[in-house]
Amino acid sequence: MTDRQKYIRNFSIIAHIDHGKSTLADRILEKTETVAVRDMEEQILDNMDLERERGITIKARAIRLAYKAKDGEEYVYNLIDTPGHVDFGYEVSRSLKACEGALLVVDATQGVEAQTLANAYLAIDNDLEILPVINKIDLASADVEGARREIEDIIGIPAEDCPAVSAKCGLNIEDVLEKIVTDIPAPEGDPTAPLKALIFDSHYDPYLGVVVYVRVLDGEMRAGDKIRLMAQGTEFELFEVGTMEPFGLKRQDSLSAGEVGYFTASIKTVGDTRVGDTVTHADRPADEALPGFREVHPMVYSGIYPADGARYGDLRDALEKLQLNDASLVFEPETSVALGFGFRCGFLGLLHMEIIEERLEREFNLDLITTAPSVIYKVELRGGEVVMIDNPSKFPSPDEISVAYEPIMKANIITPTDYIGGIMDLCQERRGVFVDMKYIDTERAEIHYEMPLNEIIYDFFDALKSRTKGYASLDYELKGYKQSKLVKLDFMLNGEVVDALSFIVFEDRAYGRARKIAEKLKENIPRQLFEIPIQATIGSKIIARETVKAMRKDVLAKCYGGDITRKKKLLEKQKEGKKKMRKLGSVEVTPEAFMAVLRLDDEG
Amino acid sequence: MMRADGIGLYIHLPFCVRKCAYCDFCSFAGVDGSIISEYADALASEILSYRERGFKVDTVFFGGGTPSLLSPEDFRKIMRAVRESFLLSDEAEITLEANPKTLDRNKLEAFVASGVNRISLGLQSIHENELKTLGRIHSYSEFLETYRLCREAGIDNVNVDLMYGLPGQTVESFKETLRAVIDLSPEHISVYGLILEEGTPLYEKQSTLSFPSEDCEYEMYLLADRHLSRAGYCHYEISNYSRAGKESRHNLKYWRCEEYIGVGVSAHSYLDGYRFGRTQSLTEYLRDNREYLNKEYIDRDGEALEKIMLGLRLREGISLKEYEDLFGFDLTEKYREKLITFEKMGYARIFSGRLSLTAEGFYVSNYIINELTEST
């Protein structure tokens, strides 16, 4: 190990949502005096508005800090922030791979939660040294000893002398900083070996092109070097290498084993660099790439359409812009008879989907119509051919299907014991298969279910929150595909199928949902000149029916001299309302109608 | 804009004994007679302001409010100004809106002597309970008395206003009202569906009242159409029925997009391509009766829209050829699909080169007009 390496500490902070990860990161920045207190903006690592509002980190970021320790030496801290949500599990795992240690933040008022566990296991799997930090000790309901006990009992790591802090008040932060020096190992690696650097993130900069974040494991990289991305098989010449300082990028001569930094090359889109890929030299390549690389595949698909058809081009531009920084967002053009031109978009999960939708609406000022999210089904056709279906409208008709499979998730729920009954009912309703349950202590339990993703994306999280007053936490990962009785539910308005409303449902569930959605549609279709039948069908079988009665009266009885102006205003107002309507064949529908399929109540 | 042979003159009298519970027209209750005289002077001066133009006028309409509250002297004063300012044709239709209980034999004779040849009487219903909810000041028998007086005074063109969709009204009670009025055999009958206008007493207390259902209201509307048609009245406009040749010539001007001048508070005009109004405030008007409000030029697109919006209120509808000559496009070509649908549904018809709505179509005319004016 070189001297340079001896004084480097690479670590990340992991925590359950809201346990104070970002606040702790802020305090660390502040205490290392990297950021002057007066310049501190709350939660500096999260620099997207949306992140700040939701209190979650969407994209990983890294920062280099200087810390003068009590032993008199100056250390370089590379703090690698990780996304805190299950949708971004793979990104989290790659960020962890770039570290030797992790601060595991546990809220002293909440204890260990589902994501605390999931993240801790992930860190353990990646051979990280875990340094527990108990946070929020300033709160009256803090139970520091209880938290310590849970960390030891549930996660199984010693926590006797772990720091107990209040990130909010800046209490005991020095303890954490010192612990990083003593407990987290310095990075190993041979600076003279062939280059091996792990890509753990990237972002698009309009001036620099794609900025790639790496952790160098072996070797050294300098501007001008010819590099190869091993999984992609592409080669580039390095323009620049450097480090991430709190207020921007700083060019350096080189990055060598143990260091965390960035490089730029003539890389056009973030899609050209894959998180988890290995960077090596083209002329002196490493023998083998770092293990664990995989392509991230979207789990949830949804159709996104501009409410105003004329803004299709704007929507495409916006999606392209978002994709510059988010390689896990995929989209391709699709057309719907009902909604016109739009895009079928793939997301890592529901949160990812919501974030993209919200950013499209907020940052690009678009009005969107989104179809119900769908998972990817695997269907074996009668002819033996196997197809993957990400769009309900492409789902084969019942007589063409030999066997259908749907993705099943391992769901891990941590809840106060009071709600166990309610959660089990909910999971049962959602076709969950009970695996096991462990009592964490007298007050909390961890429940494992295997459950179709199809059920999870259907408002499951909201239902879980509402049944547990928000106390339960959820974490899930893909287990595999399982044979299932699936049918496509179509809706017909005035005898015509509206493709955008179709979705796939477990057969036994079809009747109940069909009825509810038909009712919701009825509420969202204004009366028109003719009676409009709403029918829900499976294949050619009608399983639910509602009727929107014909409009009776739409007339201005009196219309004389002065009224002409008034009548014109009335017409204009009606026209405005009409513009917002979507025409589905012969039927006009409010844009909200599409939401009817998206959001049903708890009982689903 | 079309300048027919003669233009229409509307004169607004914003005074009532009491304001009806559903009324949101510009009208003031309990105003002193001297103010009414002052107002008549202001009207006369506004009318005289048109003298230089030398317009030919062939319809005059005294609306309100309750114009029959005018004293014979004030009425004469206004008519004198009319004759001085316009070429009033001999066959001019001169209508006076009147409420029962505000007319006696002498007054009526004086009005007739000044030229009134058409009277429009507000009855609304023959049932006392319905009249009461509406806040009308008269009973059915008082109406009958006034009606008789009109006939005795030689008025051979009488309109009776009726309403349906009233609180407490039933299909049966409305049928009785229709029958009673048909028996009287007025030349013209207006049948209005009640509209609850914001700010009116009826609107405020609607939750305490029981209104006929939507279906019931539609039944009443169709009932009027069927009964009155059978009795020889033509349903010539959404809310108007008349004996042949007894249509309100004045109101037809509005619907045919012809010119008219409106004088008095809140009155609107359509002149030289402009629509404009006068103030709603009595004091404002008495101070300055020349100021325009909401003056708007109706360009070709505007006219094309109004032609449909107003023309389709009439049974006669729109001449397709005339429309194409004026606006350069063929309605049947532009809205082909929609028109076929409307025709199939029995809401519209194209016959003898004219597009018009049926009685059923009238009832959803806003919707249809919207569909047929998409890009204008």
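**Helix and strand packing in chain A**

In this predicted model, helix α8 (residues 312-324) of chain A packs against helix α9 (residues 350-363) of chain A at an angle of about 120 degrees, and their axes are 11 Å apart. That angle makes α8(A) oblique to α9(A), and the crossing of the two is right-handed. On the α8(A) side, the contact is made by Leu315(A), Ala318(A), Leu319(A) and Leu322(A); α9(A) brings in Ile356(A), Arg359(A), Leu360(A) and Glu363(A). Sorted by character, the residues of this contact come out as six nonpolar, no polar and two charged.

Turning to the strands, there is an open sheet of five in chain A, with the order β2-β3-β1-β4-β5 and mixed pairing. At its edges sit β2 (62-68) and β5 (129-135) of chain A, each of which pairs on one side only. Ignoring direction, neighbouring strands of this sheet are turned by 30 degrees against each other on average. Within the sheet, strand β1 (residues 8-15) of chain A and strand β3 (residues 74-81) of chain A run parallel and are joined by six bridges. For a spot to look at in the structure, take Ser12(A), whose bridge partner in β3(A) is Ile80(A).

Helices pack on this sheet too. Helix α5 (residues 114-125) of chain A lies across β1, β4 (101-107) and β5 of chain A, and runs at about 165 degrees to β4(A). Helix α6 (residues 144-155) of chain A touches β4 and β5 of chain A as it packs on the sheet, with its direction at about 155 degrees to that of β5(A).

Further along the chain, strand β10 (residues 234-245) of chain A has several pairings to follow. With strand β9 (residues 226-229) of chain A, β10(A) pairs in the antiparallel sense over four bridges; here Lys226(A) has Glu237(A) of β10(A) as its bridge partner. The hairpin of β9(A) and β10(A) has four residues between the strands, and in it Gly233(A) takes a positive phi near 75 degrees.

β10(A) also forms a hairpin with β11(A), this one with two residues between the strands. The pairing of β10(A) with strand β11 (residues 248-252) of chain A is antiparallel and covers five bridges, and Thr243(A) is partnered by Lys250(A) in β11(A). Strand β13 (residues 260-265) of chain A pairs with β10(A) as well, in the antiparallel sense and over four bridges. In that pairing, Val241(A) finds its bridge partner in Phe263(A) of β13(A).

Definitions and conventions:
Residues numbered from 1 in each chain as written. Chains lettered and ligands numbered in written order. Predicted model: local features only at pLDDT ≥ 70, side-chain atom pairs only at ≥ 80, totals over all residues. Heavy atoms only, no water. Axes fitted to C-alpha atoms, helices over the stretch in contact; angles between N-to-C directions. Parallel < 35°, antiparallel > 145°, perpendicular 65-115°, else oblique. Left-handed = near helix turned anticlockwise from the far one by under 90°. Contact = heavy atoms within 4.5 Å. Nonpolar A, V, L, I, M, F, W, Y, C, P; charged D, E, K, R; others polar. Pairing = 2+ DSSP bridges.
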